[in-house]
Amino acid sequence: MRFLMVLSDFIIPVTVLFIVVFGSLKRVNLYETFLEGAKEGLHTVVNILPTLLGLMVAVEVLRAGGLLELLTKLLAPLEHLVGFPAELAPLTLVRLVSSSAAVGLLTEIFSTYGPDSFLGRSASVMMYCTETVFYTMSLYFLSVGITKTRHTLFCALAANFAGVALSLFLVGQLFGAG
């Protein structure tokens, strides 16, 4: 374990040193290349900023306008039928759009039920077995100009569903459901 900690301290500096040495051996103007990359990065940020703002506003509208509660109540019969904890429904829905808003909901779950409860553990595992599908698709597809997403949304939602189901299953198996 100590070896891994020491290794992790050196990975970034060694990587940067490798890039500088390799670039110098190839006679690349490192400073110009760095500035070019930084300029492209800023251009990308400017291009995706409207999408980011739109997603942030959408999440806030969902939460403040009560739409998230309404969606949770509409899904309650289905949740009950399959044995899904209703307390995790808002987290599951918000996680599709915003990671930071999902972290806020995770914190609420921790303060209400405790981080070591079944719900707390399930929510923790769920956060790291799922992805912000709509955020990721809009951000990355927009930044590279992809307009035809084909089956990406369906597959991403299926993967998220699998992550949610497996997180509940694994936590239930490892720690018990209650």
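Okay, let's start with Tyr-31, which sits in helix H2. Helices here are DSSP runs of H or I with at least four residues, strands are E runs of at least two, and both are numbered from the N terminus. Tyr-31 has 58% relative accessibility, so it counts as exposed. On that scale buried means under 20% relative accessible area, exposed means over 50%, and partly exposed is in between, with a 1.4 Å probe and protein chains only. From Tyr-31 to Ala-162 you go 131 residues along the chain, and their C-alpha atoms are separated by 45 Å.

Before I go on, a word on what we're looking at. This is a predicted model, where local features need pLDDT of at least 70 and side-chain atom pairs count only at pLDDT 80 or more, while totals for chains, interfaces and linings use all residues. Residues are numbered from 1 along each chain as its sequence is written, and side-chain values use heavy atoms, with hydrogens and water left out.

Now, helix packing. Stay with H2, residues 30-64, and bring in helix H7, residues 133-144: their axes come within 10 Å and cross at roughly 155 degrees. The axes are lines fitted to C-alpha atoms, for helices over the stretch in contact, and the angles run from 0 to 180 degrees between N-to-C directions. H2 and H7 are therefore roughly antiparallel to each other. The cut-offs are under 35 degrees for roughly parallel, over 145 for roughly antiparallel, 65 to 115 for roughly perpendicular, and oblique for the rest. The H2 and H7 crossing is right-handed; that is, the near helix is turned clockwise from the far one by less than a right angle, where anticlockwise would be left-handed.

Which residues of H2 and H7 meet? From H2 we have Thr-44, Asn-47, Ile-48, Thr-51, Leu-52 and Leu-55, and from H7 they meet Phe-134, Tyr-135, Ser-138, Leu-139, Leu-142 and Ser-143. Contact here means heavy atoms within 4.5 Å. By class, the contact of H2 with H7 has 7 nonpolar, 5 polar and no charged residues. Nonpolar covers Ala, Val, Leu, Ile, Met, Phe, Trp, Tyr, Cys and Pro, charged covers Asp, Glu, Lys and Arg, and the others, Gly among them, are polar.

H7 also packs on helix H8, residues 152-175, at an angle of about 145 degrees, with the axes 10 Å apart. That crossing of H7 and H8 is right-handed. On the H7 side the contact uses Val-133, Phe-134, Met-137 and Phe-141, and on the H8 side Thr-152, Leu-153, Ala-156, Leu-157 and Asn-160. The class count for H7 with H8 is 7 nonpolar, 2 polar and no charged residues. Notice Phe-134: it appears in the H7 contact with H2 and in the one with H8.

Then there's helix H6, residues 118-129, whose axis comes within 8 Å of the H8 axis, crossing at roughly 140 degrees. That makes H6 oblique to H8. The crossing of H6 and H8 is right-handed. H6 brings Phe-118, Arg-121, Ser-122, Val-125, Met-126 and Cys-129, and H8 brings Gly-163, Val-164, Ser-167, Leu-168, Val-171, Gly-172 and Phe-175. Those divide into 8 nonpolar, 4 polar and 1 charged.

On to aromatics. How many aromatic pairs does a search of the whole structure find? Just 1. The rings of Phe-18 and Phe-22 have centres 5.9 Å apart and planes at 15 degrees, so the pair is stacked. To pair, rings of Phe, Tyr and Trp (its six-membered ring) need centres within 6.5 Å; planes under 30 degrees apart are stacked, over 60 edge-to-face, and the rest tilted. The two are 4 residues apart in helix H1, residues 2-25, so about one helical turn separates Phe-18 from Phe-22. Phe-18 is exposed at 56% relative accessible area, while Phe-22 is partly exposed at 45%.

Last, some backbone and a proline. Arg-27, in the loop between H1 and H2, is not a glycine, yet has a positive phi of about 60 degrees. It counts as exposed, at 77% relative accessibility. Arg-150, in the loop between H7 and H8, has a positive phi of about 50 degrees, again without being a glycine. Arg-150 is exposed too, at 70%.

And Pro-77 lies in helix H3, residues 67-82, where it is exposed with a relative accessible area of 57%. Pro-77 and Ala-156 are 79 residues apart in sequence, and 24 Å apart C-alpha to C-alpha.
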